[in-house]
Amino acid sequence: MSIVNPHLGGRLAAPASRAHLPWLIALAGFAVMYLPVWWHAANGIWQTDDNGHGPIILAVLVYLFWSQWRDIVDAPTRPAPALGWPLFALGLLFYVFGRAFNVSSVEFASQLFVVAATLLLIKGPAALRAAWFPVIYLVFMVPLPATLVDAITGPLKQWISDIVEALLWNAGYPISRTGVILQIGQYQLLVADACSGLHSMFSLSALGTLFMYLMARKSRLHNAIMLAAILPIAFIANIVRVIILVLVTYHLGDEAGQGFLHGTAGFVLMIVALCILFALDSLLRLVIRDKRTPPAAPAAS
């Protein structure tokens, strides 16, 4: 005969509830700080072509943190306030500055410091190591600063227009260039800021690093080559997009070119870039073997 203590379950549940209390407080505080930021972005910058990837990145981050939740909770509890509080103060400073002066890039950048500090304060360095990829991935939620965009866009447009002109001229098309304006037949096409490919490079970097993380290739050389190839792949894909735009305009007219530009240009860019990225990954898998435990030698008979 056994005796069941009806109060035992309550005593067991209490420590578990207390263990989750810091996380609930941190989550509530994070929601109070950043739900207004996301709402403002959803009605502003996330509706633009340049930052339309923002909601997708947010959804990916929710998935990443959810998938790593057990590793974070099970990490040894050794809080690091000496590092956590200065990091939190820095994140709070970024947040207040960004909210006060309506600087979206600073607002979103503060998330990285606040999340890292929260992990350090509640659990410690082991939890931060367990969530290293989602924490770093927060960078892709940060809108590119306008000064950086202006500084990089000009040279990119110049390079792209120069390369497109050379390729189509060698292919026999009647094309010439003045700065970033391409003249083909009776049509003139301006290589605009959107055609520079800067924001597509940023989006593909987010997608490429996520692909690398999910594939979890063991070879460091494989990963290093893939990481180094992301930006060149985005640049090449953007050249392909501009070439298609020029050819559509030349063969089908200006109206068809404008329709392609506003309808399928971004889709074509991403498909081309992903195809190149997947092809490179498959090639590297054939050339560079992951380090694995060699099979045991057959026993001598």
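Which residue is the bridge partner of glutamine 183 in E3? The partner is glutamine 188. This is a predicted model, in which local features need pLDDT of at least 70, side-chain atom pairs count only at pLDDT 80 or more, and totals for chains, interfaces and linings use all residues. Residues are numbered from 1 along each chain as its sequence is written, and side-chain values use heavy atoms, with hydrogens and water left out.

Start with the sheet. Three strands (DSSP E runs of at least two residues, numbered from the N terminus) form an open, antiparallel sheet in the order E1-E2-E3. Strands E1 (175-178) and E3 (187-190) stand at the edges with a single partner strand each, so one side of each has no neighbour in the sheet. From one strand to the next, the twist averages 25°. Strands count as paired if DSSP finds at least two bridges between them. Four bridges join E2 (residues 181-184) to E3.

Now the helices (DSSP H or I runs of at least four residues). Helix H8 (residues 146-170) lies across E1 and E2, at about 160° to E1. Angles run from 0 to 180 degrees between N-to-C directions, with axes fitted to C-alpha atoms, for helices over the stretch in contact. Contact means heavy atoms within 4.5 Å. Helix H10 (residues 220-252) packs on the sheet and touches E1, E2 and E3. Its direction makes about 155° with that of E3.

Turn to H9 (residues 198-215). Of its 18 residues, 14 are buried (under 20% relative accessible area, 1.4 Å probe, protein chains only), so H9 is largely enclosed by the rest of the structure. Alanine 216 follows H9, with a positive phi near 50°.

Methods:
Buried < 20%, exposed > 50% of the residue type's maximum accessible area, 1.4 Å probe, protein only.
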